[in-house]
Amino acid sequence: MQLLYRCVQFHSFVLWQFPFSAYNNITGLRAVRKPSIWSGVSVNDECPTATPLPDQFPADVQQMTGFSVDTKLFQELGELLVAKESTALVELIKNSYDADATVVTVTGHNLGDAARGSIVVSDDGVGMSGDEFNRGFLTIAGRTKNSGDRRSPVFGRRYTGEKGVGRLASHKLGTVVEVQSRKAGPAPRGANTLPPPLSEVVAHIDWRAIEALETLDQVDGSGAVRVDERAKPSKPTSGTTLKIAPLRTAWTDRIRSSFLREAATLAPLAATWKKLRENVLADKLLFETLPIRDQQSGDPGFEVVFGGDLSLGDLLLPDSAAAASWIAELSFDRGTGILQIALSPTKAEVRKYPGAEGFRLKKNLGPGSGPSFTGRILQRSGASWETEVQGIRVFMEGFRVSPYGDLRDDWLGLERTYLSRAKRQLTSLAVLDANQIPAGLENEELVTQGNHAYMGGIFLHRSSSPGLEMVVSREGFLPGAAFDFITQWTRVTTDLIVRLGSVARREVKEIRSQQRVAQRDASIRSDVNETPTALRVREHAMQVERSFANIQKAVERNDFVTATREAKELQPNLSEIREMADQFGSEAVQWRVLASLGTELAAFVHEINAVGLQISALARELEDALTIDDLARTRTAIRKARQRALDLADRIRRNATYLVDATSFEGRRRRSRLLLRDRFETVRLFFETRIEQKNIAVVNNIPTDLRTPPMFPSELSGIFTNLLSNAVKFSDAGGRIEVVAREHGGFCEVQVSNTGAAVDLSRARRLFEAFQSTTERPDAILGQGMGMGLTITRAFVQEYGGEIDFIVPSSGFATTIRFRIPMR
């Protein structure tokens, strides 16, 4: 019987696999290690669970002369240790940090095409000499970061890597890696700059050539790995550049979107650890600045820059603490065993709920009860943070530990409580003595919120986090008491926020009741030409005008007592106006979006009916196929039915994508600089059925990199929906629609042109007025216009100070409409 038995020690786990003939009473085993540049994957002379073999083998047993490590090791270890593309890039970025870099640039080119794509990671760190390259980069599971001083050589940073597998990240990403590393000269620990380089290493690693070999013993001399050390550096500054190309797989939109979401929070947001502005909090918390990294005072800092296809673009991260309702900080010191938690409402929350008060807790849990950690959590009552920053994330030495804080991760159980909440008090607070915390309401769990209401960071250091071990895929920590400790006290902190917030809101019910009375009174006094809310806003504004006039007169006669009194009386009116503006201003966006969708109601109804009829026809085809006696004809019929089912699924998917894109909360949550071409294509897919039926050629000539000024995605979708709907209606069969765009004169300018029926330019402006329909005869699918489409579109455009109008059409077209929005 042949057994597989090969021992490859890899940090904290061991792989076994080498061949020998089994026989009874094996008592010894000897093997000879062959030297190789791949010294990190060579085998320990003693495998921990191997049974020793005798000095002499029986004649029928072939004695081994050495271990043989299959090149498939890299593929297996790469998949095991580097779970996904984003994890791989994070590992390479950590290597730059450990190398005392101050800036690392990660650039992607042609990521959608594996053959032409490349990823370049370049830093300004200390670089590597030839010997360090062999001992470090070419040594899998090397001990360079596990032995001796576990800090970087110059800036004294605590190393973020520990298993020596960062180089396997390049294997995960691509098939060939080119390395250029310029080694900095000697520098004392604590220096704040790096000296010029003394030498340079240029290396080429072809993973495909390595994998084509059978064992790692064959790598030497194969040309798969080439290393050249030069005495004269090519640049005057030190650093390392890795170019990975071609890519192992093409980056789909899903992979890229996932990476960008993770890249945005690779480092903690400033609001979660930096000093907060003086006017944000009502009470003092624990820290001015949270210690996110174990580093020395002379460290110049570290920055990550993403470029090319990996650019974050104009992603506007909501990083303002002022938007929070409550802010909490927590800390545990394993040396003293002291846990501290401090909560404070923001000043904006106190204005809204005057009874809101801060809270502090100090509790001795005993030295060594868990790992040391600090954290800051920002909560929004009855609201959500933007998707990119939702959730409480965990950071080790300033780098995020996935998946904690991801959209689908619920490491604190907040979503579970939110979905199953009942009329009871929060159970997590039972670990605290009743006299340590404010008394809660009996049904306080009903007001809990999910992860969407929290933005925060929990910060850990390697030196003070015993018991926390990363899983081999780098996705989270192994389950255990250490991480359970962090989870428990972080959840206690979020539940304290819920309790204090619910208590504060209980005390202002009478204020809310007064507002309801004011609204009823306004409804009685308002006439048919004015809504009650508009009347209230107008009356408050008039009172503000009168107060300012009185203040001006009082100042002119040096009567500052009267001026001060008038100013105080002015405040409630301004607060009322602000609250109503906040409420109705945010709702106005969705009202317009829903109105825009309403203008396409006929198209939605037709799509639903058409899909329903086709599904019924498909069911009949399948029933007929079951009655066919000939097996070959039955299979043919089923294959045709299958294809029709796939086509229907794609049709439903297109419509669902459009509806979700236009109506979801995400589409109106955050303004950002949108890619015009992509947004138009999403809308075009919704009209695909009618476009195909009329055989219309739609030409999208919008540049791929042209972006709008900051807008809500749903607003731009609404604009394109109305304009493309009209273009399809008025284009005859076999017609043509063209969309062009440019940035011109400080404006984002878009033109939509179509063949077919022309618009009379002399009366074109009237078409933007409500109920002035552009459609004189109903379209079989898109219906007859309600006369609101262009009105809504104009409202979207004018919201940003833009303009829209019909213009003289381009050659070959009957109608052209153009809108322009300032780029700011």
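**Exercise 1.** Work out whether Ser 238 is buried or exposed, then find its surroundings.

*Solution.* Start with the area: Ser 238 has a relative accessible area of 5%. Buried means under 20%, so Ser 238 counts as buried. Keep in mind that we're working on a predicted model.

Next, place the residue: Ser 238 sits in the loop between β9 (225-230) and β10 (239-244). Now look for a polar partner. A polar atom of the Ser 238 side chain is 2.7 Å from the backbone oxygen of Gly 125. Finally, list what surrounds Ser 238. Skipping neighbours within four places in sequence, its contacts include Asp 123, Asp 124, Gly 125 and Val 126, and also Arg 182, Lys 183 and Ala 184.

**Exercise 2.** Do the same for Thr 448: is this residue buried or exposed?

*Solution.* The relative accessible area of Thr 448 is 5%, so file Thr 448 under buried. Its loop runs between α8 (414-420) and β18 (454-460). On the polar side, the Thr 448 side chain gets to the backbone oxygen of Glu 445 at 2.9 Å. Leave out residues up to four places away in sequence, and Thr 448 touches Thr 417, Tyr 418, Arg 421, Leu 426 and Val 498.

**Exercise 3.** Describe how α17 and α18 pack.

*Solution.* Geometry comes before chemistry here. Helix α17 (residues 713-730) packs on helix α18 (residues 789-798) at about 145 degrees, and the axes are 9 Å apart. The crossing of α17 past α18 is left-handed. Contact residues on α17 include Ile 719 and Leu 723, and those on α18 include Ile 792 and Phe 796. Sorted by class, the contact has 6 nonpolar, 5 polar and 1 charged residues.

Technical notes: Residues are numbered from 1 along each chain as its sequence is written. This is a predicted model: local features need pLDDT of at least 70, side-chain atom pairs count only at pLDDT 80 or more; totals for chains, interfaces and linings use all residues. Side-chain values use heavy atoms; hydrogens and water are left out. Helices (H or I, at least four residues) and strands (E, at least two) are DSSP runs, numbered from the N terminus. Buried means under 20% relative accessible area, exposed over 50%, partly exposed in between (1.4 Å probe, protein chains only). A polar contact is a pair of N or O atoms within 3.5 Å; within protein, one must be able to donate a hydrogen and the other to accept it, and residues adjacent in sequence count only if both atoms are side-chain atoms. Contact means heavy atoms within 4.5 Å. Axes are lines fitted to C-alpha atoms, for helices over the stretch in contact, and angles run from 0 to 180 degrees between N-to-C directions. A crossing is left-handed if the near helix is turned anticlockwise from the far one by less than a right angle, and right-handed if clockwise. Ala, Val, Leu, Ile, Met, Phe, Trp, Tyr, Cys and Pro count as nonpolar, Asp, Glu, Lys and Arg as charged, and the others, Gly among them, as polar.
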